[in-house]
Amino acid sequence: MTTLTIKEMENLACRNLEQSYFDYYQGGAEDEITLGRNCSDFDAIKLRPRMLVDVSSVDMAVDLWGEKLPMPILIAPTAFHCLAHPEGELASARAAASVSTIMTLSTLANHSIEEVAAAETQEGKRARLWFQLYVYKDREITRDLLARARQAGVRAIVLTVDSPRLGKRPRDCKNGFHLPAHLSARNLERFFLQNISGNSGKNALADYIASLYDLSLSFAELEWIVAEAGLPVLVKGILRGDDARKALAAGAAGIIVSNHGGRQLDTAISSIEALEEVCRAVPETTVLMDGGIRRGTDILKALALGARAVLVGRPVLWGLAWQGESGVRSVLSTLQEELLLSMQLAGVASLKDVERDLVKSPFFAGGQGERL
Ligand SMILES: Cc1cc2nc3c(=O)[nH]c(=O)nc-3n(C[C@H](O)[C@H](O)[C@H](O)COP(=O)(O)O)c2cc1C
């Protein structure tokens, strides 16, 4: 068990990563205002701990669409894990399996859905997988990815809706970000769209997405995807209550509040600020969130503001670059241990006791909220 913080793991990861890959992982859009807010807005929320509560036994278990997890912490979809470690997504999936949580596999993974679904820990455990979907103009690609996800035993589809184009990421433009020739997006191989290794000095990922993703994606296509998926569809990238309602009306099973880790629309609202509005708009729905989770106290605040669970993006990449599978395991166990400690110090023995009054938030003092 490591005593390192997530921040310290990031510093160690930095030493093992080529600069342009570290920048790709760490960076955000434009002036990185939203990237910064995702973390600093957690700091602006204060905890209101309860005292003299029996916290000798704490229950952190959560049920998500029938999946029972020992903790409300999941792996967010992030592209290209092989830039961090040769075993890439296989190592991340094994780490998720060893702590019994869910890994969300990106469409733009370096390993295919089938390879990751087959990845086993030394004890023979496999991760439960969700599959994150980007929608290409060619609907055959979506059909193929959904069918393969079902076939591989994936439990849910995470449809990312905040990326009709790639946000402008100055670090990647400056570095001419591209994949090295030996890596590709293997899920797209059968459509000959696996190569993102252009070396024109421009951001190859931005060019790839601009030419292939469906800019016309709307709530009507969401209905089609829900019908085609045959699995629960969670809509990722929602930042407003009205959009959450529309997504549910189109058949979504759940919502993931996210601004893509501050990598898309800069100066967009932070995830933690958006969370409460979304949860108030769809009170009966399971809402998850990601963006800026670096501490157990961040998780506790997100749960108090209505999230059922959280996902972590960059911290997983830091663990992977630092120490491969065991580094990812350290990230997940550190956050789990910190959440346990925070719950005990805040006087909550079970996730169902984590209520709104556990926090004082500067973001949602009536007004705007009442209009929803
Ligand atoms: C390097 C990197 C790659 C990402 N790739 C994807 C992706 O392929 N699909 C997706 O839906 N989100 C992607 N995201 C966004 C994450 O799923 C998540 O929303 C974000 O990282 C959460 O913020 P955090 O990094 O502060 O935890 C990516 C984020 C990073 C940092």
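# Residues, strands and the ligand shell

Trainee: How does E32 count, as buried, exposed or partly exposed?
Mentor: This model is predicted. A residue needs 20 or more other C-beta atoms within 10 Å to be buried, and 12 or fewer make it exposed. E32 has 17 C-beta neighbours inside 10 Å, so it counts as partly exposed.

Trainee: Where does E32 lie, and what is its phi?
Mentor: Look in the loop between α2 (19-26) and α3 (33-43). E32 is not a glycine, yet its phi is positive. The value is about 60°.

Trainee: Which loop holds H260, and is H260 buried or exposed?
Mentor: H260 sits in the loop between β9 (254-257) and α11 (271-281). Its phi is positive, near 65°, and it is not a glycine. With 24 other C-beta atoms within 10 Å, against the cut-off of 20, H260 is buried.

Trainee: How confident is the prediction, as a mean pLDDT of the chain?
Mentor: Of the residues in the chain, 97% reach 70 or more. Residues 367-372 fall below 50, and that stretch has seven contacts in the model beyond near neighbours in sequence. The mean pLDDT of the chain is 95.

Trainee: Which residues of helix α4 are buried?
Mentor: The helix covers residues 88-98, and ten of its eleven residues are buried, so it is largely enclosed by the rest of the structure. The cover includes β4 (73-75), β5, α5 (113-117) and α13 (314-346). The buried residues are G88, E89, L90, A91, S92, A93, R94, A95, A96 and A97.

Trainee: Which residue just after α4 takes a positive phi?
Mentor: Move past the end of the helix. There the phi is about 60°. The residue is S100.

Trainee: Why is strand β6 largely enclosed, and which residues cover its two faces?
Mentor: Strand β6 spans residues 128-133, and six of its six residues are buried, so the rest of the structure largely encloses it. Now split the strand by side. One side has R128, W130 and Q132, and the other has L129, F131 and L133.

Trainee: Which residue of β6 stands opposite T104?
Mentor: Start with strand β5, residues 102-105. Four bridges join β5 to β6, and the two run parallel. Opposite T104 in β6 stands W130.

Trainee: What is the bridge partner of Q132 in β7?
Mentor: Strand β7 covers residues 156-160. Four bridges join β6 to β7, again in parallel. The partner of Q132 is V158.

Trainee: Which helix does the chain use to cross from β6 to β7?
Mentor: The path is a β-α-β crossover. Its hand is right-handed. The helix, residues 139-151, is α6.

Trainee: Which residue of β10 is the bridge partner of V257?
Mentor: Strands β9 and β10 pair in the parallel sense over three bridges. In β10 the partner of V257 is M289.

Trainee: Through which helix does the chain cross from β9 to β10?
Mentor: This β-α-β crossover is right-handed. The helix between the two strands is α11.

Trainee: Which way do the residues of β10 point?
Mentor: Strand β10 spans residues 287-290, and all of them are buried. V287 and M289 point one way. Pointing the other way are L288 and D290.

Trainee: Which residue of β11 pairs with M289?
Mentor: Strands β10 and β11 are parallel and share three bridges. With helix α12 (residues 296-304), they make a right-handed β-α-β unit. In β11 the bridge partner of M289 is V310.

Trainee: Which residues does V310 touch?
Mentor: V310 belongs to strand β11, residues 309-312. It has 29 other C-beta atoms within 10 Å, so it is buried. Leaving out residues up to four places away in sequence, it touches P72, I73, L288, M289, D290, I293, I299 and A302.

Trainee: How far apart in space are V310 and S40?
Mentor: In sequence they are 270 residues apart. In space, C-alpha to C-alpha, the distance is 17 Å.

Trainee: Which residues come nearest to the ligand?
Mentor: There are 23 residues around the ligand. They divide into eight nonpolar, eleven polar and four charged. The nearest are S106, T160, G261, G313 and R314.

Key
Residues numbered from 1 in each chain as written. Predicted model: local features only at pLDDT ≥ 70, side-chain atom pairs only at ≥ 80, totals over all residues. Near = placed C-beta within 6 Å. Nonpolar A, V, L, I, M, F, W, Y, C, P; charged D, E, K, R; others polar. Pairing = 2+ DSSP bridges. Right-handed = clockwise from strand over helix to strand, strands pointing away. Contact = placed C-beta atoms within 7 Å. pLDDT = per-residue confidence, 0-100.
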